[in-house]
Amino acid sequence: MKILDKTHAQFAETFQRRYDKGIHYSSPLYRQVMKTGKPAPEKLSPFFHLPELVRQVTSELNISTGRMSKREADGGVVKFVTQLTDDMNVESVVIPMYRRYTLCVSSQVGCRMGCRFCRTGRMGLIRNLTAAEIVGQVFTARHQLGFDIRNVVFMGMGEPLDNLKNVIQAIHVLEDQRGLDIARRYITVSTAGLAEKIDRLARIEGNPVNLAVSLNAPDDEIRSWLMPINRSVPMADLKKSLKNYPLSKRSSIFIEYVLIQGVNDRFEHAQRLGQYLAPLKVKLNLISYNPAYGSGLHPPSEKSYEQFHNWLTKQKIFVRRRNEKGGRIMAACGQLGGKRQ
Ligand code: SF4
């Protein structure tokens with residue numbers, strides 16, 4: 001019986017059907033597993049006098065989605081690899097944020113979007129992760145590695161909106177207050193720009209999830225060269241979806257712009273980017289490109305990064321510098337994804 005793919009209510013329903021026991025039993029068990037990482041029904045008072053039920057639950061409860069096969073650290077950033085039950089590998093990255101931690105999770109093995117600057121894109125799509133495999137990454141970071149994960153960003157391997165059903169289910173599990181309790185305002189889904197799916201994400205029940213868009217170009221010509229998805233979803237269509245995305249008073253859409261030498265770093269690019277973003281409520285993360293094996297692309301010099309930053313701020317665009325931590329262990333943006341599975 002799986003638990004990592006279920007909210008408290010869904011687990012209670014399954015438990016009732018399987019063992020004919022109500023939430024008096026399933027609720028403390030769900031809390032215990034999600035909060036400590038270990039099922040120990042024998043320590044829960046409702047189970048004290050039911051050794052047969054303890055035995056059954058202990059042998060049937062499945063909290064594993066794979067095995068942590070590798071762990072590397074660089075300047076506080078920790079990348080770990082989970083070997084899934086079918087031997088596929090996925091990578092996750094723990095990023096320190098003041099006293100707490102953000103976890104960057106993967107949503108697919110590989111990715112079909114084929115972005116030119118991305119290592120994962122070169123793998124192609126192998127398969128979607130299940131909701132349990134997505135939640136399992138948070139579970140591992142919290143309970144095996146001991147990090148106090150408070151933010152989750154879907155920015156690891158894969159295009160989360162290409163696996164929308166499982167990503168939404170994982171969000172429901174992550175935010176359940178009786179379980180992992182990561183509030184929706186601390187969850188961010190990043191996309192290469194699947195406009196139709198952004199519209200569907202906008203209709204998710206309850207408060208909207210934070211949205212990040214990997215834009216990386218000031219116009220269709222450059223974007224289609226960098227990100228093939230732009231050939232079917234041009235920037236004008238993407239903009240419509242971004243305009244309609246529901247935002248609370250204090251939130252904005254995050255725009256990711258990876259600055260690449262000689263590709264998207266000129267003055268006219270900054271001007272066009274500023275015009276595109278002007279009617280939107282956005283914060284822009286300006287990221288210096290991290291060279292990936294064999295991409296043929298290069299990072300900008302310090303001077304061009306500064307210049308580009310200034311050109312945007314002069315247009316009143318809110319720009320955040322994003323220092324890419326973890327570059328040495330290939331844990332920075334666009335660098336996840338082993339060379340082969
Ligand atoms: S940047 Fe994101 S969407 Fe593009 S290929 Fe990489 S993982 Fe896929």
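Two strands are said to pair if DSSP finds at least two bridges between them, and this criterion underlies the description of the strands that follows. The structure is a predicted model. In this model, strand E1, which covers residues 66–74, is joined to strand E2 by 8 bridges, and the two strands run antiparallel. Together E1 and E2 form a hairpin that leaves 2 residues between them, and in the turn Gly-75 has a positive phi of about 55°. One of the pairings that hold this arrangement in register links Lys-70 to Val-81, its bridge partner in E2.

Strand E2 also pairs with strand E3, made up of residues 89–97, through 6 bridges, again in the antiparallel sense. Here the bridge partner of Lys-79 in E3 is Val-93. The hairpin of E2 and E3 has 4 residues between the strands, and Asp-87 takes a positive phi near 70° within that hairpin. Strand E2 itself, residues 77–84, is mostly covered, with 8 of its 8 residues buried. From E2, Val-77, Lys-79, Val-81 and Gln-83 point one way, whereas Val-78, Phe-80, Thr-82 and Leu-84 point the other way, and the residues of both groups are all buried.

A parallel pairing is found further along the chain, where strand E10, residues 253–259, and strand E11 are connected over 7 bridges. In E11, Ser-288 is the bridge partner of Leu-259. Strand E11 spans residues 282–288 and is mostly covered, 5 of its 7 residues being buried.

At the level of domains, the assignment for the protein gives domain 1 as residues 8–60 and domain 2 as residues 66–329. The contact between them takes 9 residues from domain 1 and 10 residues from domain 2. The centres of domain 1 and domain 2, taken over C-alpha atoms, are separated by 36 Å. Between them the two domains bury about 860 Å², of which 52% lies on carbon and sulfur atoms. Of the area that domain 1 buries against domain 2, His-8, Met-34 and Lys-35 supply 55%, more than any other three residues.

The ligand is surrounded by Cys-111, Met-113, Gly-114, Cys-115, Phe-117, Cys-118, Gly-121, Gly-158 and Ala-192. When this shell is divided by class, it has 6 nonpolar residues, 3 polar residues and no charged residues.

Met-227 is placed in the loop between helix H7 (220–226) and helix H8 (229–232). Because its relative accessibility is 0%, Met-227 counts as buried. When residues up to four places away in sequence are not counted, Met-227 touches Cys-115, Phe-117, Ala-192, Ser-214, Leu-215 and Asn-216. Three of these contacts, Cys-115, Phe-117 and Ala-192, are also among the residues around the ligand. Met-227 and Gln-271, by contrast, are 44 residues apart in sequence and lie 20 Å apart in space, C-alpha to C-alpha.

Two residues other than glycine that have a positive phi may be set side by side. Asn-216, which is found in the loop between strand E9 (210–214) and H7, has a phi near 65°. With a relative accessible area of 0%, Asn-216 is buried. Lys-316, located in the loop between helix H11 (302–314) and strand E12 (319–322), likewise has a phi near 65°. Lys-316, however, counts as exposed because its relative accessibility is 75%, a value over the 50% cut-off for that class.

Technical notes
Residues are numbered from 1 along each chain as its sequence is written. This is a predicted model: local features need pLDDT of at least 70, side-chain atom pairs count only at pLDDT 80 or more; totals for chains, interfaces and linings use all residues. Side-chain values use heavy atoms; hydrogens and water are left out. A residue is near a molecule or strand if one of its heavy atoms lies within 4 Å of it. Ala, Val, Leu, Ile, Met, Phe, Trp, Tyr, Cys and Pro count as nonpolar, Asp, Glu, Lys and Arg as charged, and the others, Gly among them, as polar. Buried means under 20% relative accessible area, exposed over 50%, partly exposed in between (1.4 Å probe, protein chains only). Domain bounds come from an automatic or database domain assignment. Contact means heavy atoms within 4.5 Å. Buried area is the accessible area (1.4 Å probe) that two parts lose on being put together, summed over both.
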